[in-house]
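Please open the model in your viewer and keep the sequence beside it. The stops below say what to select next and what is to be found there.

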Amino acid sequence: MRFSTIKYFFKESFTSLVRNRWMSLASIGAVASALIILGSFLLLSVNFDHILKDVESQVEITAYLEDSLDQDGISRLDKDLAVITGIKEIKFISKEVAIEEFKEQVGRELLEGIDNPLPNSFRIKVNDPHEVASIAEKIEKFSGIDEVKYGKGVVEKLFNIIHWVRVIGLIIMAVFAAVSIFIISNTIRLTVFARRREINIMKYIGATDWFVRWPFLIEGMVLGLIGSSLAIGVLAAAYNYLYITVKLNLPMISLLPKEYFYDYALGFLGIGMLIGAFGSSFSIKRFLNV
Amino acid sequence: MIEIYGVTKIYPGGQVALKDINLRISKGEFVFIVGPSGAGKSTLIKLLFREELPTRGQIFFGGKNITRFRPREIPYLRRRIGIVFQDFRLLPEKTVYENVSFAMEVVEASGRDIRKRVPHVLERVGLAHKAKARPSELSGGEQQRVALARALVNNPDILVADEPTGNLDPDTSWDIMGLLDDINKRGTTVVVASHARELVDSMKKRVLQLEQGSLVRDEERGVYSNEI
Ligand SMILES: Nc1ncnc2c1ncn2[C@@H]1O[C@H](COP(=O)(O)OP(=O)(O)OP(=O)(O)O)[C@@H](O)[C@H]1O
Ligand SMILES: [Mg+2]
């Protein structure tokens, strides 16, 4: 493609952006709002994800051992358990350590003089939190194991919540992407309509379909880019504010550091451009008939 | 240059616009297509640049069967054909110069070629002094000259015009016909659909007469109508 042709495409796109400035502004605003909502949700869901991952990684299995098991039996069982795939770490907690921990938690005085009722146990970490249930089931079958606990129910519920957060997040994102595409395609449809004479003439002169399409595609992409830049600016300011506020007032909640945001910003520009291109090609296909 | 074999055109509504047309137009010819309203003149012109496809029959342009062209080949066919309409079809917000240079931008000509070629064709249609004017500031005849310049600027093999003088008064029509004749004398094949009886009669060119979709007369140095 010639440089003068590319120049022509950009000239045409910008002329039309300026000529329909109110419509252009409206669609930039609409795209920006759609992307701000989409971005807010994205930030919410990645932060929720981040917090839940924290919780997920803390999920562990406690396997209580039979009292009759002696030191040899314990080390043999430790080796046997280590063979199970998916286990990251096995830590032996003797009944003495366990009671110390318990005393720490409830207060030393309360338990003074009482016989230690706690059994020996293994504390087991797994690679994939989703496999906790099946690994716990396997562990339970070994002889010498009295009982296995892993926060049954809580873990499943947690995964259920994460799953639904992701599904709903994706649905909302899809809806907003579709809305943005619709708005841009409407704007481009107007410019296509305003320029149908010109397009008609171009086709009689021998313009290729792509030659006719490019200015509209560029126009759509520019609308998407400006809209997403605007959204990024607004979101960055808002997230920065939120991050500082949370850090000061709710230090136990760990939000993703704001540097993370910049990774998303680039993707956002890409999404904006894609939405613009998609919106205009949709319009071109339907209303340009080329 | 153009060969038409057994072409019939039936529009989707069932209207038969052309019936079994056979004809050949050679390079350098000047041809009038005449006939009453609804005879199929515009349809025949539209078939030449693939605005319409024939229902039956074949059309060859420069030895190539254009009825078999795929959609993406059509732009390249049209670059070899200059097209002029009754209603000029200029872009109102562009100047005369821009209306013509636009045609070269569309076929991706270089900036240098555009700057060289546009003034040359404007000169040829006698509008060099109006290059900066907008179509609304021009008379009908001048607007049609701009359309002619635009059709010529890419050096087409053939110029087709559908009632190019239909919106013009008799004097201006003579000017435009003179210009078309001039263009033809410089080697471009010209095909004109026209209602202008006196013009056709005086030009003494080849005349194709259509009646209800049939080619009823094909005469060298003909006149508009044989009747009376
Ligand atoms: N797109 C179309 N769809 C259906 N019928 C059409 C279409 N275009 C033309 N026709 C019909 O085909 C016939 C020939 O039309 P055409 O426009 O070729 O005539 P014409 O000779 O150019 O007439 P005029 O001198 O009035 O311009 C007419 O009966 C017309 O109604
Ligand atoms: Mg007609």
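**A helix pair in chain B**

Begin by selecting helix α3 (residues 96–106) of chain B together with helix α5 (residues 140–152) of chain B, which pack with their axes 8 Å apart and at an angle of about 25°. This is a predicted model, and the angles and distances given on this tour are to be read with that in mind. Since angles under 35 degrees count as roughly parallel, α3(B) and α5(B) are therefore described as roughly parallel to each other. If you look along the pair, the crossing in which α3(B) passes α5(B) is right-handed.

Now display the side chains between the two helices: on the side of α3(B) select Val96(B), Asn99(B), Val100(B) and Ala103(B), and on the side of α5(B) select Val146(B), Ala149(B) and Arg150(B), which they meet. Coloured by class, the residues of this contact between α3(B) and α5(B) divide into 5 nonpolar, 1 polar and 1 charged.

**Chain B as a whole**

Widen the selection to chain B, in which 7 helices and 10 strands can be traced. The C-alpha trace of chain B spans about 45 × 45 × 35 Å along its principal axes. With a radius of gyration of 17 Å, chain B agrees with the value near 17 Å that a compact globule of 228 residues would have.

Next, colour chain B by confidence. The average pLDDT of chain B is 92, and 99% of the residues score at least 70. Where in chain B is confidence lowest, and where is it highest? Select helix α7 (residues 197–203) of chain B for the lowest mean, 85, and strand β8 (residues 189–193) of chain B for the highest, 96.

**Across to chain A**

Keep chain B on display and add the residues at the boundary, where 14 residues of chain A are in contact with 14 residues of chain B. On the side of chain A that touches chain B, α1 (3–19) and α7 (196–205) of chain A each supply at least two residues, and the largest share of that side, 6 residues, comes from α7(A). By class, the side of chain A that touches chain B has 7 nonpolar, 4 polar and 3 charged residues. For the complex, the predictor gives an ipTM of 0.87 and a pTM of 0.72.

**Chain A as a whole**

Hide chain B and follow chain A from its N terminus, along which the elements run α-α-β-α-β-α-β-α-β-α-α-α-α, with 9 helices and 4 strands in the chain. Why is chain A described as more spread out than a compact globule? Its radius of gyration is 30 Å, well over the 19 Å that the globule rule gives for 290 residues, so chain A is described in that way. Turned along its principal axes, the C-alpha trace of chain A spans about 95 × 40 × 30 Å.

**A helix pair in chain A**

Finally, select α1(A) and helix α8 (residues 209–249) of chain A, which pack at an angle of about 55° with their axes 8 Å apart. α1(A) and α8(A) are therefore oblique to each other, and their crossing is right-handed.

At this contact, Phe9(A), Phe10(A), Glu12(A), Ser13(A), Ser16(A) and Leu17(A) in α1(A) meet Trp214(A), Pro215(A), Ile218(A), Glu219(A) and Val222(A) in α8(A). The residues of this contact divide into 7 nonpolar, 2 polar and 2 charged.

How values were computed
Residues numbered from 1 in each chain as written. Chains lettered and ligands numbered in written order. Predicted model: local features only at pLDDT ≥ 70, side-chain atom pairs only at ≥ 80, totals over all residues. pLDDT = per-residue confidence, 0-100. Contact = placed C-beta atoms within 7 Å. Nonpolar A, V, L, I, M, F, W, Y, C, P; charged D, E, K, R; others polar. Axes fitted to C-alpha atoms, helices over the stretch in contact; angles between N-to-C directions. Parallel < 35°, antiparallel > 145°, perpendicular 65-115°, else oblique. Left-handed = near helix turned anticlockwise from the far one by under 90°. Rg over C-alpha atoms; globule rule 2.2 N^0.38 Å.
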